[in-house]
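Trainee: I have a model open and some terms I would like to test. Can we go through them one by one?

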Amino acid sequence: MKILVAIKRVIDYNVQIRVKEDNSGVVTDNVKMSTNPPDDNAIEEAVKIKETGKAKEIVAVSVGEEKAQETVRKALAVGADRGILVKVDGIVEPLAVSKILQKIVEKEKPDLVFMGKQAIDDDCNQTGQMLAALLNWPQATFASKILVKEKSLEVTREIDEGLETIEVNMPAIVTCDLRLNEPRYASLPNIMKAKKKPIEQFNASDLGVDTKSRIEQIKVEEPPKRKAGIKVASVEELVQKLKNEAKVI
Amino acid sequence: MSVLLIAEHNNKEVKPFTLNAISAASQINEDVNVLVIGSNSDEVAKSIAQVPNVKKVIHVNNSIYENYLAENYTSVITKLSENYSHIVCSANTFGKNLMPRVAALLDVSQVSDITKVISTDTFQRPIYAGNAFATVKSNDKIKCVTIRPTSFDPAPTSGGSAEIQNSDAGEATEIAKFIKKEEIKSDRPELGTARVVVSGGRGMQSGENFKLISAVADKLNAAIGASRAAVDAGYITNDHQVGQTGKVVVPDLYIAVGISGAIQHLAGMKESKVIVAINKDGEAPIFSVADYGLEADLFDALPKFLEELNKLNTIQK
């Protein structure tokens, strides 16, 4: 079995982002970048499946700027066998990413595609579902538990009301929730070994995918600031304020 | 220019967030049609027909829709789509799962989780865990949009009498199968719509200690929330998680207990009207968004808080 894992390079989750003064976007120059957190869960799960002997090969693929190569390299250090980078500059919408991934899937013919449930920058939560639609594959979104069977997967999904279990035939798309597993760290020897693993590069145009935006980003603004609050000295004062000042209890 | 809204329901009743999505849909265009795909779901169709903002209900009633699977829903929606300028649903796990599959089949880019309708093609949506708001204009012929339910008031549930039109089922999928659902039942108000939410974080130290939270929540008729740390540590089930990857809540009162206030948690609660933070770390980021902060050990403060609440004879419900 072959697993393709799609990963994205995003601003690190700990960074307090800044909106550009001209409202054209968010400052990304000289800002710490990392792998999108739920994508780390996706790689981890693929590696775990490989460790059980059920998967033979893991291919990590990223769509993005040249520097996304570092993100692919990190996936290789954690256990992916080889990488693919599809180079595109600027913001690429999930629809375009899913079309690029469709081309890669058609070339690579994996049995499973794993990715995070959403990227923490655009917060779209779309790419996996879109790719599933384009391939006419089943989708198991927001996965928190995966059981690999002979020709299918049993996946527990995180839903609003609790948990749901579905079975999807392979090939399938799985989008991973943060609760799926605990991603491992890459060890130094593995980071060194990862430097020798191959990363194939393409341009989106080589694949014949039009990446032009369908959605125009008119402006990006900071959210309204909350008025500074106060600290209260005691529980009594807190209750009194909530009752008489805020009038919420 | 009509809007097709996909209803979320359990074959018996419509889920509350569908009503919020209906409000948003009628801001896009007044001709709101609601699609109910279900099995023995007549009651759902009838109740939605009574929502005054709804002009028509399209009902697809077939046993293949007993359980919701995106793979089954999509063929019905794409078939109906040509009559519509917009296809919308709520941005909860139901809509997030479904809509992108529809959008890709129609070859359109989806606008996720909108918080404001600016015009028929322009919307506002949060990005970077709500640390920025993007105004975006969709240039696609059909606009696929999901709606952040807490940003719109629910539509009224009576006074309307929309026509109910039956429509054909699509093909049943073979590729995916529903197995089971483990719903967590609770007598408390639903987290997404509660007027008051009391949330616990890592500072609670154990699941057992959450009873301190539930005692306060019972008193205030509040829903119980949690940070990701509390859920991951197994103190409480995942459906309580508030934040970027959990639920977004906008209650009148949000009480964060033992929660540091990481960016990802704030994304889910910082629009709350009044925020209270109880934390022993005075430097915790939660204090920067709290209207009222109490720097104290939660194990002292929570019982005392309950005691003080018990002294009040009038608590708003």
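Mentor: Start inside chain B. Domain 1 and domain 2 of chain B bury about 590 Å² between them, and carbon and sulfur atoms give 50% of that. Remember that this is a predicted model: local features need pLDDT of at least 70, side-chain atom pairs count only at pLDDT 80 or more, and totals for chains, interfaces and linings use all residues. Residues are numbered from 1 along each chain as its sequence is written, chains are lettered from A and ligands numbered from 1 in the order in which they are written, and side-chain values use heavy atoms, with hydrogens and water left out.

Trainee: What makes that area "buried"?

Mentor: Buried area is the accessible area (1.4 Å probe) that two parts lose on being put together, summed over both. On the domain 1 side of chain B, B:Ala129, B:Arg148 and B:Thr150 lose the most, together 68% of what that side buries.

Trainee: Where do the bounds of the two domains of chain B fall?

Mentor: Domain 1 of chain B is 3-166 and domain 2 is 196-311. Such bounds come from an automatic or database domain assignment. The C-alpha centres of these two domains lie 32 Å apart. Their contact (heavy atoms within 4.5 Å) takes five residues from domain 1 and seven residues from domain 2 of chain B.

Trainee: How many salt bridges and polar contacts link domain 1 and domain 2 of chain B?

Mentor: Zero salt bridges, and two residue pairs in polar contact, both residues at pLDDT 80 or more. A polar contact is a pair of N or O atoms within 3.5 Å; within protein, one must be able to donate a hydrogen and the other to accept it, and residues adjacent in sequence count only if both atoms are side-chain atoms.

Trainee: Now the two chains. What area do chain A and chain B bury between them?

Mentor: About 7,300 Å², 53% of it on carbon and sulfur atoms. A:Asp160, A:Glu161 and A:Arg226 supply 11% of the area that chain A buries against chain B, more than any other three residues. The contact takes 76 residues from chain A and 89 residues from chain B.

Trainee: Why is the pair B:Asp140 and A:Arg214 called a salt bridge?

Mentor: The rule asks for a side-chain nitrogen of Lys or Arg within 4 Å of a carboxyl oxygen of Asp or Glu. B:Asp140 and A:Arg214 meet at 2.7 Å, N to O, so the pair qualifies. The interface of chain A and chain B has eight salt bridges.

Trainee: What makes A:Glu167 and B:Lys177 a link between chains?

Mentor: Their closest N and O atoms are 3.7 Å apart, in a salt bridge. A:Glu167 lies in strand β9 of chain A and B:Lys177 in strand β11 (residues 176-183) of chain B, so the pair joins two chains. Strands (E, at least two residues) and helices (H or I, at least four) are DSSP runs, numbered from the N terminus.

Trainee: How do you know that β12(A) and β8(B) pair?

Mentor: Pairing needs at least two bridges found by DSSP. β12(A) and strand β8 (residues 132-138) of chain B have six, so they pair, in the antiparallel sense. A:Val220 stands opposite B:Ala134 in β8(B).

Trainee: Which peptide bond of chain A is cis, and where does its proline lie?

Mentor: The bond joining A:Met170 and A:Pro171, with omega about 5°. A:Pro171 lies in the loop between β9 and β10 (172-176) of chain A.
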